[in-house]
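The following exercises practise the reading of a structural model. Each task is followed by a solution that proceeds step by step.

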Amino acid sequence: MKFRRRTQQEQSTPPLTQPASQPGAYRTGEPIRDTKAPSGPVEDRWDTRRFQAKLVNPANKRKLTVIVVGTGLAGGSAAATLGELGYKVKSFCYQDSPRRAHSIAAQGGINAAKNYRGDGDSVYRLFYDTVKGGDFRARESNVYRLAQVSVNIIDQAVAQGVPFAREYGGLLDTRSFGGAQVSRTFYARGQTGQQLLLGAYQALERQIAAGTVEMHTRHEMLEIVVSGGRARGVVVRDMVTGEIETHLADAVVLATGGYGNVFFLSTNAKGCNTTAIWRAHKKGAYFGNPCFTQIHPTCIPVSGDYQSKLTLMSESLRNDGRVWVPLRKGDDRAPADIPEDERDYYLERIYPAFGNLVPRDIASRAAKNVCDEGRGVGPGGLGVYLDFADAIARLGRDAVEKKYGNLFEMYERITGENPYEVPMRIYPAVHYTMGGLWVDYDLQSTIPGLFVIGEANFSDHGANRLGASALMQGLADGYFVLPTTIGDYLAGAGAFGPVEEDDVAEARTAVQDKIDRLLAVNGTRTADSYHRELGRIMWDYCGMERTEESLRKALERIPELREEFWNNVKVPGDAEGLNQALERAGRVADFFELAELMCVDALHRTESCGGHFRAESQDADGEALRDDENFAYVAAWEWTPDGPVLHKEELDYEYVKMTQRSYK
Amino acid sequence: MNLTLKIWRQSGSSDKGRMVTYRVEDVSPDMSFLEMLDVLNERLILEGDDPVAFDHDCREGICGMCGMVINGVAHGEQRATTTCQLHMRHFEDGAVITIEPWRAAPFPVIKDLVVDRSSFDRIIQAGGFVSVPAGSAPDAHAMPVPKEDADAAFDAATCIGCGACVAACPNGSASLFTAAKITHLGLLPQGQPERDSRARAMVEQMDAEGFGGCTNTGECTAVCPKGIPFDTIAQMNADYLRSASS
Ligand SMILES: Cc1cc2nc3c(=O)[nH]c(=O)nc-3n(C[C@H](O)[C@H](O)[C@H](O)COP(=O)(O)OP(=O)(O)OC[C@H]3O[C@@H](n4cnc5c(N)ncnc54)[C@H](O)[C@@H]3O)c2cc1C
Ligand code: SF4
Ligand code: FES
């Protein structure tokens, strides 16, 4: 890669000021008018785009380098596929092996419109369900394509040897999941994510052996290199030697997953972070709907201050378990001592039609409400019972064990309580982030040459993701969509020009400065303790229920705490060699900045929709009330030194009629 | 609970390393083993000491990143459990616990309890896949798979690549890990075309990495958190012999 020095005039002054001081303030910029989706009937759009996309001559592909950061379902499948196509790929992950990306933990399954059951499923129905499930805040064009491509994913995975569950006839088994009325979820026991990821990982390792993919494990991306207005590389830290490295390329793909760990406690893996996408955001990539977070209702509650993460219990438990809390506030009797008429089966009471099976966001909020009333159970009163006594009486213990045995075992392992004898305790936990970097139909961000795939982008789930749809989206992006659309971009690579030396230097200096600053503070609190406190603020004020007051409070507290962090954090050791405390501190620093943008976004969106519940916007029954008149748009935030700028992408619904959800 | 920990400390690959004793107090029985180490590390940081480096990520037993030899047993004494799933209620108050890294020549120590397991990735690179470029797959129902085969393949496919089998084996063999992949793909129709070449290449790579041979001690299955069946190794040997004779 050749360098060219920049002339004096061309050098831009680095931004010095911090975001605007007024909490929650933002400016409104130009709306986004073109998402690059082709026009015409929705079912033809992807074909049209594929046909129009420019192709790269096979002989030229070898000369083009693509960086893919992340090896989860999205990044692993993308890197493998780009390698198969003949590009030179450089792949990065922070774990010691690409096989350990957080996708490995997905349990439930993956949706696909195969209609193998003949139960009335179709591409159109999956499209419809996903748009509606997203509470009308996702793009029709993208979602339709996702549903179309879903069928190819299953074919691909089966051909790779992914051992999906099968029936006695040897055909694939499916189940209905997350309230869907058709059976379209393919699964591999409770380990679907693991098996799909191993499929992608093996395809990736095959390309590494073939020499098309160069793998860099234990490397953390800390900055992106933008030159001539295009994404041209990344700055990474070798986590073993501490060396800061620059890697240049013709295009960069971020597949770095979700940012749920901004809440400290979540079901995400400990290393999940926002650093890669946040750095890109500060270099010009808009951030779409940052406040859209999914909170899963059935997780094992927090047991103490030392808690480091939360564990998800499959949603399927709500098929047979009954959710309740004591009727009376502060009733601390053992559950068995609380007579039937002193219990409140609140979901069955409030939602007689759906009962314990109401959607995730509704079940989560109801649990929060009863706990806020002082009727929660377990340590700190932050839990509700999920009781299988009736199911055991009705079906027998054996039948319950057959269905849920492994989940019961997992629960007992963590809590030390036997759920066959005492009701489980569950509580909602942060699980998934629908928000992420804004991308167009081609999955390209507002920085040309920077593509974003998987949970890291904002695209297909609107304000609420349906169960079993994240795996589908990650693999759709990685195996099928990106490899086509990135070709269209790379076909023009001849005109990209050399990377400016100053742009590389600037990115490297930013990384080095941040590391030096963190190590220099030498204060009195650990990065984890700040992270915990930040998470607490986010959970209390920007969690399941948000109000103008709570968000304003968060917007006051976060900058104060961030300030304290930068003056009082203690990071031991030095920048050479493995330093896990330094890695963590760097991630926490970025979470602080993201947290603020999330609150700004949540404050500006005064409607409730999907996982975003603004207490001011509810109907007479306390249900979420959308405001389509004013908020049927994607909020794409631009970072500027003077505070965030909002760009609206209006959403049109030509096919699916906008309606208000109801589960009474 | 109050505990005494004897932890392997090694600053880098060139350091010889040694056991260092730490006291941890007020440990809650509901803590996980790694949370107990988090508490120790927070304290070490504030006291100006170097915290103990250890690998972990999912903390729910599926990513395969964690792994320590606890009181001489890989992942500790509780069966079918990864280190991250181990909870303190299984230890006695006042206990002395030794914590060491995986020890095997092909897993060099990077720092403290962190080892380099990239040899496992290279074994997969040698042939642990089905060669099927994206977009070239036939319909998923084109080839039915008998349920028993699919279930058995799944059992082998649940390996998380943690390396406990190697750490437990007196010969430092990676046979269980390698056999799990050979068996998973070898049981499925999709894996047949490359079955022989796969077995040969993976076994040869395993040897080239310096892993020892299998002498049927069965220590690997005993510590394997996913209960990978021991008979996968027989399957691997059969496939390897067949490939060598063909
Ligand atoms: C417990 C749990 C269960 C779930 N179950 C389901 C389910 O049943 N069905 C479903 O559809 N979805 C499920 N989901 C959601 C789904 O698993 C995720 O959304 C999806 O796997 C994300 O994939 P990804 O490829 O985008 O990112 P990830 O798998 O998170 O991968 C991120 C990658 O980026 C790398 N990375 C991150 N930051 C950096 C950096 N700074 N530098 C270098 N590398 C970096 C990591 O090393 C990793 O390789 C579940 C999620 C959780 C938490
Ligand atoms: S076979 Fe078992 S012990 Fe060995 S790597 Fe796989 S899961 Fe770990
Ligand atoms: S941390 Fe993932 S298996 Fe233990």
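**Exercise 1. Describe the make-up and surface of chain B in this predicted model.**

Solution.
Step 1. Chain B contains eight helices and seven strands.
Step 2. Along the principal axes, the C-alpha atoms of chain B fill a box of roughly 60 × 35 × 35 Å.
Step 3. Chain B has 246 residues, and 58% of them count as buried.
Step 4. The accessible surface of chain B is about 9,100 Å², and carbon and sulfur atoms account for 50% of it.
Step 5. Consider the contacts in chain B between residues at least 6 apart in sequence: 68% of these join residues at least 24 apart.

**Exercise 2. Determine whether the radius of gyration of chain A agrees with that of a compact globule.**

Solution.
Step 1. Chain A has 664 residues, and a compact globule with that number of residues would have a radius of gyration near 26 Å.
Step 2. The value for chain A is 24 Å, which agrees with the expectation.
Step 3. The C-alpha trace of chain A spans about 80 × 60 × 50 Å along its principal axes.
Step 4. To complete the description, chain A has 17 helices and 23 strands, and 66% of its residues count as buried.
Step 5. Chain A exposes about 23,500 Å², of which carbon and sulfur atoms supply 48%.

**Exercise 3. Locate the largest nonpolar core and identify the helix that gives the most to it.**

Solution.
Step 1. In general, nonpolar side chains tend to be buried together in soluble globular proteins.
Step 2. The largest nonpolar core here has 235 residues. Those with the most contacts inside this core are Ile110(A), Phe164(A), Leu254(A), Leu450(A), Met538(A) and Phe565(A).
Step 3. The helix that gives the most to this core is α16 of chain A (residues 580-604), with 14 residues.
Step 4. A second, separate core has 29 residues, including Trp8(B), Leu37(B), Phe54(B) and Met88(B).
Step 5. Phe565(A) may serve as an example of contacts between residues. Residues up to four places away in sequence being left out, Phe565(A) touches Leu518(A), Val521(A), Ala527(A), Tyr530(A), Ala585(A), Val588(A), Ala589(A) and Phe592(A).

**Exercise 4. State which residues surround ligand 2 and classify them.**

Solution.
Step 1. The surrounding residues include Phe120(B), Leu176(B) and Ile228(B).
Step 2. Cysteines are also among them, namely Cys159(B), Cys162(B), Cys165(B) and Cys224(B).
Step 3. The list is completed by Ile160(B), Gly161(B), Gly163(B), Ala164(B) and Pro225(B).
Step 4. By class, this shell has ten nonpolar residues, two polar residues and no charged residues.

**Exercise 5. Compare the surroundings of Leu443(A) and Asn216(B), and decide for each: buried or exposed?**

Solution.
Step 1. Most residues other than glycine have a negative phi.
Step 2. Leu443(A) is not a glycine, yet its phi is positive, at about 70 degrees. Asn216(B) likewise has a positive phi, near 60 degrees.
Step 3. Leu443(A) belongs to the loop between β19 (436-437) and β20 (450-452) of chain A, while Asn216(B) belongs to the loop between α6 (195-208) and α7 (219-223) of chain B.
Step 4. A residue is buried under 20% relative accessible area and exposed over 50%. Leu443(A) has a value of 1% and is therefore buried. Asn216(B) has a value of 56% and is therefore exposed.

**Exercise 6. Find what Glu84(A) touches, and explain why it counts as partly exposed.**

Solution.
Step 1. Glu84(A) lies in helix α3 (residues 73-85) of chain A.
Step 2. Its relative accessible area is 22%; because partly exposed covers the range between 20% and 50%, Glu84(A) falls in that class.
Step 3. Apart from residues up to four places away in sequence, Glu84(A) touches Ala203(A), Arg206(A) and Gln207(A), as well as Val132(B), Pro133(B) and Ala134(B).
Step 4. Gln307(A) is 223 residues from Glu84(A) along the chain, and the C-alpha atoms of the two are separated by 43 Å.

**Exercise 7. Describe the position and contacts of Pro170(B).**

Solution.
Step 1. Pro170(B) is found in the loop between α4 (164-168) and α5 (175-186) of chain B.
Step 2. With 58% relative accessibility, Pro170(B) counts as exposed.
Step 3. When neighbours within four places in sequence are set aside, Pro170(B) is in contact with Thr217(B) and Glu219(B).

Definitions and conventions:
Residues are numbered from 1 along each chain as its sequence is written. Chains are lettered from A and ligands numbered from 1 in the order in which they are written. Side-chain values use heavy atoms; hydrogens and water are left out. A residue is near a molecule or strand if one of its heavy atoms lies within 4 Å of it. Ala, Val, Leu, Ile, Met, Phe, Trp, Tyr, Cys and Pro count as nonpolar, Asp, Glu, Lys and Arg as charged, and the others, Gly among them, as polar. A nonpolar core is a set of buried Ala, Val, Leu, Ile, Met, Phe, Trp, Tyr and Cys residues joined through side-chain atoms within 4.5 Å. Buried means under 20% relative accessible area, exposed over 50%, partly exposed in between (1.4 Å probe, protein chains only). Helices (H or I, at least four residues) and strands (E, at least two) are DSSP runs, numbered from the N terminus. Contact means heavy atoms within 4.5 Å. The radius of gyration is taken over C-alpha atoms; the globule rule is 2.2 Å times the number of residues to the power 0.38. Accessible areas come from the Shrake-Rupley method with a 1.4 Å probe; for residues, only the protein chains shown count as cover.
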